[in-house]
Amino acid sequence: MCDGVSVRAIVAEAGTPIYIYSARAIREAYTAIDRAFAGYPHAIHYALKANSTLAIVRLLRSLGSRADANSGGEIRVAQRAGFEPREIVFTGVGKTYEELEHAIASGVGTINAESAGELDRIAGLAHAMGREARVALRVNPDIDAKSHPNISTGLKTNKFGVPIEEARAIYRERRQLKGLRFAGVHVHIGSQITTADPLRRAATVLVTLALELRDDGVPLEHVDLGGGLGIAYEGRPMITADEYAAAVLPELKRAGIPVVLEPGRAIVGHSGALVARVVDTKRYPNGRQFAVLDAGMTELMRPALYGSFHRIIPVSPRSAEESSWDVVGPICESSDVFGRDRILPPLEVDDLVAVLDTGAYGAVMASNYNRRPLAPEVLVDQGSWATIRRRQTIDDLLALEQ
Ligand SMILES: Cc1ncc(COP(=O)(O)O)c(C=O)c1O
């Protein structure tokens, strides 16, 4: 069941593979972060990259969230979902002229610049358009987020931001530039961060810079701590929103400047499950058992990309002795494995399994490899469900081709 709604009933109508999301889970996760920071001026800019399906973005907007867009496409999706441009922060390495032009022309709230060169390009474009772009510089504090290397972004070996020791000079040298208004400072040291310490240290570095800039006559309107708050994929103890706030608030209070947060995973991660059907089972003489699903790395790339762990459960567990299973997808890649050596009840062809905690970085990372149409997404809310993205068809796929 998902919040009182039968998963079997959803699948009977909408098929597999399918993403099923709980609106309740999204509300609860958003509210937990909002409450944790309630005593301090803050704005939550939900990171659309985690899941940008329109209905999810609209739901977050209805809760009072603002938006963090990581591309021109995400800015447009945020606008379609009803966000005013001023409610959007535009982040991300490698913004094109077209993306910057659209962001400046539409009046995006803040552009988080990734380099001195990008600041100069923004200034040039904004000045030529007779605009003033509100910007924050993303700093790289050289802090180990202690997450998976592929989603750690705050080390000096990573491509993100400007080295912290250069940041003050970059602001100083550009404070008179026409077309720029320095609104804030930005940091994002990685995703799926599971302890408070790296987040606290990043806040310390950022607030210290903000105070130095104040001394330099560059008063800021906000400090942007990025996202990164982890979720418990494996059931191990996890930093809570309250613990996160308790770690960073004393730092923030040193400057008293409003804070911007860009959580993605912590808001939508737990809300989603990828439901798939067993299409084949195999037993090797060495005892290894495989359950082959009709979903794979094309629907959920995280296990193949980062070796990430997702709990896998049968939708209707059979009451018989459990044994070890490798739960795999149908793609011709040996990395197309959702879970190895999982202790599960017997699985048979046609059984349904749910891959849990796939609300973030799941559907958004899906691909059409092997000409597999994108899976549909449904949202369960208050006892009923609705399709929020229909299943892609082969005709949808071929519509782009001659
Ligand atoms: C700049 C920025 N902000 C926010 C996020 C959201 O991160 P998370 O989903 O870990 O909260 C990301 C994701 O990596 C990011 O790159």
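Angles under 35 degrees between helix axes count as roughly parallel. The legends below describe close-up views of a predicted model.

**Figure 1. Contact of helix 2 with helix 9 in the predicted model.**
The axes of helix 2 (residues 23-36) and helix 9 (residues 241-255) come within 8 Å and cross at roughly 30°. The two helices are therefore roughly parallel to each other. Helix 2 passes helix 9 in a right-handed crossing. On the side of helix 2, the contact involves Ala32, Ile33 and Ala36, which meet Ala241, Asp242, Ala245 and Leu249 of helix 9. By class, the residues of this contact are 6 nonpolar, no polar and 1 charged.

**Figure 2. Contact of helix 2 with helix 3.**
Helix 2 also meets helix 3 (residues 54-62), and here the axes come within 10 Å and cross at roughly 40°. Helix 2 and helix 3 are therefore oblique to each other. The crossing of helix 2 past helix 3 is right-handed. Ala23, Ile26, Arg27 and Tyr30 represent helix 2 in the contact, and Ile56, Leu59 and Leu60 represent helix 3. The residues of this contact divide into 6 nonpolar, no polar and 1 charged.

**Figure 3. Contact of helix 8 with helix 9.**
Two packed helices are described by the angle between their axes and the distance between the axes. For helix 8 (residues 196-215) and helix 9, the axes come within 9 Å and cross at roughly 10°. Helix 8 and helix 9 are therefore roughly parallel to each other. Helix 8 contributes Ala196, Leu199, Arg200, Ala203, Thr204, Val207, Thr208, Leu211 and Arg214 to the contact, while helix 9 contributes Tyr244, Ala247, Val248, Glu251, Leu252, Arg254 and Ala255. The contact comprises 10 nonpolar, 2 polar and 4 charged residues.

**Figure 4. The aromatic pair of Phe37 and Tyr244.**
A search of the whole structure finds 4 aromatic pairs, among them that of Phe37 and Tyr244. The ring centres of Phe37 and Tyr244 are 5.6 Å apart and the ring planes stand at 70°, so the pair is edge-to-face. Phe37 lies in the loop between helix 2 and strand 2 (42-47), whereas Tyr244 belongs to helix 9. The pair thus joins distant parts of the chain, 207 residues apart. Both Phe37 and Tyr244 are buried. Tyr244 is also one of the helix 9 residues in the contact with helix 8.

**Figure 5. Backbone geometry at Pro17, Asp341 and Tyr361.**
Most residues other than glycine have a negative phi, and most peptide bonds are trans. The peptide bond from Thr16 to Pro17 is cis, with omega near -10°. Pro17 is located in the loop between helix 1 (7-14) and strand 1 (18-22). Asp341, a residue other than glycine, has a positive phi near 50°. Asp341 is placed in strand 15 (residues 337-344) and is partly exposed, with a relative accessible area of 45%. Tyr361, likewise not a glycine, has a positive phi of about 55°. Tyr361 is found in the loop between strand 16 (352-356) and strand 17 (377-381). Tyr361 is buried, with a relative accessible area of 12%.

**Figure 6. Surroundings of Val139 in strand 6.**
Val139 lies in strand 6 (residues 133-140). With a relative accessible area of 2%, Val139 is buried. Not counting residues up to four places away in sequence, Val139 touches Gly161, Val162, Ile164, Ala167, His186, Val187, Leu206 and Leu209. From Val139 to Ala386 the C-alpha to C-alpha separation is 41 Å in space, and the two residues are 247 residues apart in sequence.

**Figure 7. Surroundings of Ala67 in strand 3.**
Ala67 is part of strand 3 (residues 66-69). Ala67 is buried, with a relative accessible area of 0%. Leaving aside neighbours within four places in sequence, the residues in contact with Ala67 are His45, Tyr46, Leu48, Ala78, Phe83, Glu87, Ile88 and Val89. Ala67 and Tyr46 are 21 residues apart in sequence, yet their C-alpha atoms are 4.9 Å apart in space.

Methods:
Residues are numbered from 1 along each chain as its sequence is written. This is a predicted model: local features need pLDDT of at least 70, side-chain atom pairs count only at pLDDT 80 or more; totals for chains, interfaces and linings use all residues. Side-chain values use heavy atoms; hydrogens and water are left out. Axes are lines fitted to C-alpha atoms, for helices over the stretch in contact, and angles run from 0 to 180 degrees between N-to-C directions. Helices (H or I, at least four residues) and strands (E, at least two) are DSSP runs, numbered from the N terminus. Angles under 35 degrees count as roughly parallel, over 145 as roughly antiparallel, 65 to 115 as roughly perpendicular and the rest as oblique. A crossing is left-handed if the near helix is turned anticlockwise from the far one by less than a right angle, and right-handed if clockwise. Contact means heavy atoms within 4.5 Å. Ala, Val, Leu, Ile, Met, Phe, Trp, Tyr, Cys and Pro count as nonpolar, Asp, Glu, Lys and Arg as charged, and the others, Gly among them, as polar. Rings of Phe, Tyr and Trp (its six-membered ring) pair if their centres lie within 6.5 Å; planes under 30 degrees apart count as stacked, over 60 as edge-to-face and the rest as tilted. Buried means under 20% relative accessible area, exposed over 50%, partly exposed in between (1.4 Å probe, protein chains only).
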